[in-house]
Amino acid sequence: MKKVEAIIKPFKLDDVRESLAEIGITGMTVLEVKGFGRQKGHTELYRGAEYMVDFLPKVKIELVIQDDLLEQAIDVIVETARTGKIGDGKIFVTDVERVIRIRTGEENEDAV
């Protein structure tokens, strides 16, 4: 199993969620996060004063999926979240050794 963490622009969340549901992925965790990469934030004007906004709002989607769905899930996220502009986000993939469903005690693929 793999854990996929995708950091995307907030307005792309619904599209990505719907696209993942179409390939059979319905369970996910979504967090509102802030950060920056090459984008380096931006300046804003507030009451006549200019200030730097270092951390930009993003959404982080976390999925734990079976290995056979990995490439399809990545392709769907990339295609759906891409705007072609700086700040589209990143995807991180890590191995998952064990998953336990707390309610039933099921483990691994049965727990996902």
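**Strand contacts, salt bridges and surface charge in a predicted chain**

Apart from neighbours within four places in sequence, Phe92 is in contact (heavy atoms within 4.5 Å) with Lys3, Val4, Glu5 and Ile7. The structure is a predicted model, in which local features need pLDDT of at least 70 and side-chain atom pairs count only at pLDDT 80 or more, while totals for chains, interfaces and linings use all residues. Residues are numbered from 1 along each chain as its sequence is written, and side-chain values use heavy atoms, with hydrogens and water left out.

Phe92 belongs to strand E6. Between Phe92 and Ile7 the sequence separation is 85 residues, whereas their C-alpha atoms lie 8.6 Å apart. With a relative accessibility of 40%, Phe92 is classed as partly exposed; in this scheme, buried denotes under 20% relative accessible area, exposed over 50%, and partly exposed the range in between (1.4 Å probe, protein chains only).

The secondary structure of the chain consists of two helices and six strands. Helices (H or I, at least four residues) and strands (E, at least two) are DSSP runs, numbered from the N terminus. Read from the N terminus, the order of elements is β-α-β-β-β-β-α-β. Of the 112 residues in the chain, 31% are buried. Among contacts between residues at least 6 apart in sequence, 69% connect residues at least 24 apart. The accessible surface of the chain amounts to about 7800 Å², and carbon and sulfur atoms contribute 49% of this area; the areas derive from the Shrake-Rupley method with a 1.4 Å probe, and for residues only the protein chains shown count as cover.

Contacts between distant parts of the sequence also involve the loop between H1 and strand E2 (29-35), where Ile23 is located. When residues up to four places away in sequence are not counted, Ile23 touches Leu69, Gln72, Ala73 and Val76. The C-alpha atoms of Ile23 and Val76 are separated by 8.6 Å, although their positions lie 53 residues apart along the chain. A further pair is formed by Asp75 and Leu20, which are 55 residues apart along the chain and have a C-alpha separation of 9.9 Å. Asp75 is part of helix H2 (residues 70-81) and is partly exposed, its relative accessible area being 41%.

Salt bridges were assigned where a side-chain nitrogen of Lys or Arg lies within 4 Å of a carboxyl oxygen of Asp or Glu. By this rule, eight salt bridges are counted. One of them joins Lys3 to Glu62, with the closest N and O atoms 4.0 Å apart. Because Lys3 lies in strand E1 (residues 2-8) and Glu62 in strand E5 (residues 56-65), the pair ties together parts that are 59 residues apart in sequence. Lys3 is partly exposed at 25% relative accessibility, whereas Glu62 is buried, with a relative accessible area of 18%. Lys3 and Glu62 also take part in a network of salt bridges that includes Glu5 and Lys60.

Within helix H1, a salt bridge connects Arg17 with Asp14, and the closest N and O atoms are 3.8 Å apart. Arg17 and Asp14 are three residues apart in helix H1 (residues 13-22), and they are therefore separated by about one helical turn. Both partners are partly exposed: the relative accessibility of Arg17 is 39%, and the relative accessible area of Asp14 is 47%. Another salt bridge pairs Glu106 with Arg101, the closest N and O atoms being 2.8 Å apart. Glu106, at 32% relative accessibility, is partly exposed, as is Arg101, with a relative accessible area of 27%.

The segment after E6 contains Asn108, a residue other than glycine with a positive phi value, near 55°. Asn108 is partly exposed at 25% relative accessibility. Glu109 is likewise found in the segment after strand E6 (89-95), and its relative accessibility of 43% places Glu109 in the partly exposed class. Together with Asp67, Asp68 and Asp110, Glu109 forms a negative surface patch. Patches are made of residues with over 30% relative accessible area and no salt bridge, with like charges joined within 9 Å and nonpolar side chains (Val, Leu, Ile, Met, Phe, Trp, Tyr) within 5 Å. Lys and Arg count as positive and Asp and Glu as negative, with His and the chain ends not counted; the place of a charge is NZ of Lys, CZ of Arg, CG of Asp or CD of Glu.
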